[in-house]
Amino acid sequence: MNTDQCSPPLPFISRAHASLSLSLSLSLSLSLSLSLSLSYLSPLSSLSYLSPLYSHLLLLLLRRFNNAQRAHQNYLENLPAALLLEVAGGLFFPRLAALSAILFLVGRVIYGIGYRASGPSGRLLGAILSEIALLVLLGATLYGAFEHAGGASAWVRLFQSSAQDIEAFVAPYFK
């Protein structure tokens with residue numbers, strides 16, 4: 001048996017679902033790369049001993065560090081929702097969820113590059129792309145859950161049976 005080859009896929013996981021694990025891994029890799037870029041820039045915050053001649057340069061470097069830090073923080077704020085929607089939407093539409101996750105990552109990379117280069121005004125295109133991806137993931141999750149639950153007729157039955165249960169529970173108190 002050749003151990004250099006990848007083992008065959010698990011029989012209960014489709015290749016489309018396997019692509020979800022790839023996009024989840026890429027999401028976490030982006031988080032790691034953004035943190036590493038912060039660790040590269042963080043020594044700049046201790047350069048206050050520089051002469052006033054370099055104060056303009058110091059201000060530019062600190063602004064760049066602040067922008068990189070804010071881009072990373074904004075990514076971390078959006079990551080839990082993106083991962084949750086990717087997994088939940090991927091249960092029903094794995095390829096759409098994986099593609100949307102890749103769009104989210106591309107948007108966040110553009111967001112981070114734009115934010116670091118131009119400050120808050122440079123993040124618009126990346127924000128739009130990542131928000132579109134999140135909306136697609138949300139739509140896939142809601143539609144998949146709705147259809148998997150039985151569609152509109154199942155919801156009508158659910159509310160009818162709930163109303164009957166409530167009526168049966170409350171009736172003895174109003175005799």
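**Surface.** I looked up the exposed area of the chain and found about 11800 Å², of which carbon and sulfur atoms supply 69%. Accessible areas here come from the Shrake-Rupley method with a 1.4 Å probe, and for residues only the protein chains shown count as cover. I note that this is a predicted model, in which local features need pLDDT of at least 70, side-chain atom pairs count only at pLDDT 80 or more, and totals for chains, interfaces and linings use all residues. Residues are numbered from 1 along each chain as its sequence is written, and side-chain values use heavy atoms, with hydrogens and water left out.

**Burial.** I then checked how much of the chain is buried (under 20% relative accessible area; exposed is over 50%, partly exposed in between; 1.4 Å probe, protein chains only). Buried residues account for 29% of the 175 residues.

**Fold.** I counted five helices and zero strands, in the order α-α-α-α-α from the N terminus. Helices (H or I, at least four residues) and strands (E, at least two) are DSSP runs, numbered from the N terminus. For contacts (heavy atoms within 4.5 Å), I took the pairs at least 6 apart in sequence; 75% of these join residues at least 24 apart.

**Helix α4.** I looked at two residues of this helix. S130 sits in α4 (residues 124-148) and is buried, with a relative accessible area of 0%. Leaving aside neighbours within four places in sequence, I find S130 in contact with F104, G107 and R108. H148 also belongs to α4, but H148 is exposed, at 66% relative accessible area. From H148 to F92 I read 8.3 Å, C-alpha to C-alpha, across 56 residues of sequence.

**R108 again.** I found R108 over the face of Y111, 4.0 Å from the ring centre. The rule for a charge over a ring is NZ of Lys or CZ of Arg within 6 Å of the ring centre and within 35 degrees of the ring normal.

**Cavity.** I searched for cavities, meaning sets of points on a 1 Å grid over the protein atoms alone where a 1.4 Å probe fits but cannot get out. Grid points are joined across faces, edges and corners, and a volume is the space filled by probe spheres set on the points. The count is one cavity of 30 Å³ or more, and the largest has a volume of about 30 Å³. Its lining (residues with an atom within 4 Å of a point) consists of S27, A82, L83, E86, A101, F104 and L137. Helices α2 (55-92) and α3 (94-118) are the elements that give two or more residues to this lining. I note α2 as the one that gives the most, with three residues.

Terms used
1 Å grid on protein atoms, 1.4 Å probe; cavity = no way out; pocket = protein on both sides within 12 Å on 5 of 7 lines; lining within 4 Å.
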